[in-house]
Amino acid sequence: MLSRSLRRPRATVLTAGSILVAATVLSVGLTSCSGRVAPVDTTGRVEFDTTLVIPRLAESRLDAAGTRVFALVAEPGVTELTSAGPTTTAGYNGSYLGPTLVARRGEKVRVELHNGLAEPTTLHWHGMHLPAAMDGGPHQMVAAGAEWSPEWRIDQPAATLWYHPHPHGETEEQVSMGLAGLFLIEDDGPAALDLPHEYGVDDVPVIVQDVRFTASGEFAEQRGFVGILGDQLLVNGTLGPRFEASTELVRLRLLNASTARTYDFGFDDARSFQQIASDGGLLAAPIPTTSVQLSPGERAEIVVRLVPGQTTTLVSRPPALGVDPNASAGNGGTDRFDVLQVIAAAVLSPSGRVPAVLAAVPRLDAARVAITREFDLNGTQINGENMDPARVDATVTVDTTERWQVENTTGLPHNFHVHDVQFQIESIGGRPPPAALAGWKDTVYLPPHTPVDLLLHFSDYTDPGMPYMYHCHLLWHEDRGMMGQFVVTNPGEQATITEGTHHDH
Ligand code: C2O
Ligand code: CU
Ligand code: CU
């Protein structure tokens, strides 16, 4: 049994739907009970009286071999998040969230993690291409008080990645306590210097989490089928955040670090902005848009043009979950939030223009697909099974391209995340993806009953004995085993972790 010492005295409000879902893996139908849930709407009710906290940049040193070394301590804490009272939290090098790590493509990095929690954890690099043994998934457990120092070479385009714990069965708990942070990759691409890039000034992290507080200020839980849903938002751990902008263009790096909620971000004045990046890096060209929908784990970078002296508010409107109206209400599909107020100074420094061409995003070639695999997400299982740490679900040959046909057959929200690679979406419901989803992705929302075909190219790292994960990034689902394992091997090599296991179904 894991220690429960991280857990705060939470108030748990179980809806009828969640009790039924918890009792067995029941899926559709029952959750229409949660249709009674009243929508959350914070429009016009957020004070925006607190300056947006910018997570500090992680310090690093270069060791004798030229490796950039970071040090992170996962630790319990108490944080003043709300005037209701102090909240029991956890963070890295602090009491809530963690510092932003920055490294350049080509650099070797090492992160020295000390687990200062009273329970085991792991540290996963979401979106990172790296050896399976360094991935920080459920196979790299770090005991309370222990250290873990993964090391790898950064070799992927500039991107907004993030890190969070991944201990099987405890991920939702640890992430919702505050264990998460950003990992920004930089490169020398032509757009790097033209885009806003001064951290905290015109290049601003926006880590969005929904929370609910008890009367005394502790985190409370209220669940839908998707997991814990809050009724207020924290941005970078700030309740009611305002950001004072000093430049004409502001780049917002949006991370949906919520465990269950999907957002549809836009501005209260319906202004248009440019989406410049998705999960795995810059898009080929900026996309003018008025909204960007992010399910848990997804990121987007947007660039907003400001008018001197004007205030605009980042909001979240009801996301298009694609589920029936009853199920939508119980799963965040009818909720609206004021997210972040952006106040432009009376005089703004000039910013130049967003480049018309951002990056080369070479298309993965469907004609070279070596194998097509199917993944059916139903209830909280994938292909009818829960994750078994001793079972390999797919053995992938290195240097090949695969097509993964993923379908949510539940009728309720799920998404899909793959470790190790950035994939490309080949089609959604048989049609090419919209431009915002045509770049590098590692997590994708799965509208029910809509096949989503992914193209994935696996390269560089092989390890027949150590799997990577794929899973639903609704963390409660993931914790319940909505996850599978794949190994990447050399041609002809067999996975070696299957020994001594069998399937009994
Ligand atoms: Cu963000 Cu497997 O995780
Ligand atoms: Cu991941
Ligand atoms: Cu799910």
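Both Arg223 and Glu172 are buried, a term that stands for under 20% relative accessible area, with exposed standing for over 50% and partly exposed for values in between (1.4 Å probe, protein chains only). In this predicted model, local features need a pLDDT of at least 70 and side-chain atom pairs count only at pLDDT 80 or more, whereas totals for chains, interfaces and linings use all residues. Residues are numbered from 1 along each chain as its sequence is written, chains are lettered from A and ligands numbered from 1 in the order in which they are written, and side-chain values use heavy atoms, with hydrogens and water left out.

The side chains of Arg223 and Glu172 meet in a salt bridge with an N to O distance of 2.9 Å, where a salt bridge is defined as a side-chain nitrogen of Lys or Arg within 4 Å of a carboxyl oxygen of Asp or Glu. This pair links distant parts of the chain, since Arg223 is in strand β14 (residues 221-224) and Glu172 in helix α2 (residues 171-177), 51 residues apart; helices (H or I, at least four residues) and strands (E, at least two) are DSSP runs, numbered from the N terminus. Side chains of opposite charge can pair when their charged atoms come close. A second salt bridge joins the side chains of Asp279 and Arg299 at 3.8 Å, N to O. Asp279 lies in the loop between β21 (273-278) and β22 (281-289) and Arg299 in strand β24 (residues 299-305), so that this pair ties together parts 20 residues apart in sequence. Asp279 is buried, with a relative accessible area of 0%, and Arg299 also counts as buried, at 1% relative accessibility.

In a further salt bridge, between Lys441 and Glu298, the closest N and O atoms are 2.6 Å apart. Lys441 lies in the loop between β32 and β33 (443-446), while Glu298 lies in the loop between β23 (292-294) and β24, and the pair therefore ties together parts that are 143 residues apart in sequence. Both Lys441 and Glu298 are buried. Salt bridges that share partners also join Arg61, Asp63, Lys108, Arg110, Glu112 and Glu151 into one network. The count of salt bridges comes to 29.

Copper sites were examined next. The copper ion (ligand 3) has as its protein donors His414 (ND1), Cys472 (SG) and His477 (ND1), lying 2.0 to 2.1 Å from the ion; donors are N, O and S atoms within 2.8 Å of the metal (3.2 Å for Na, K and Ca), and sites may look incomplete because water is not among the atoms. The spacing of these donor residues in sequence is H-x57-C-x4-H. His414 lies in strand β31 (residues 414-418) and His477 in helix α4 (residues 475-479), so the pair ties together parts that are 63 residues apart in sequence. His414 counts as buried at 0% relative accessibility, and His477 is buried with a relative accessible area of 0%. For the copper ion (ligand 2), the protein donors are His124 (NE2) and His417 (NE2), lying 1.9 Å from the ion. Because His124 lies in strand β8 (residues 124-126) and His417 in strand β31, this pair ties together parts that are 293 residues apart in sequence, and both His124 and His417 are buried.

Asp420 is placed in the loop between β31 and β32 (424-428). Asp420 is buried yet has no salt bridge, the nearest side chain of opposite charge, Arg373, being 12 Å away; for this purpose Lys and Arg count as positive and Asp and Glu as negative, while His and the chain ends are not counted. The side chain of Asp420 does make polar contacts with the side chain of His129, at 2.9 Å, and with that of Tyr468, at 3.4 Å. A polar contact is a pair of N or O atoms within 3.5 Å; within protein, one must be able to donate a hydrogen and the other to accept it, and residues adjacent in sequence count only if both atoms are side-chain atoms. Leaving aside neighbours within four places in sequence, the residues in contact with Asp420 (heavy atoms within 4.5 Å) include Met128, Leu130, Phe458 and Val488.

The chain averages a pLDDT of 93, and 91% of the residues score at least 70, pLDDT being the predictor's confidence in each residue, from 0 to 100. Over residues 14-35 the pLDDT stays under 50, and the model has 35 contacts beyond four places in sequence for this stretch. Where pLDDT is low, the predicted coordinates should not be read in detail.
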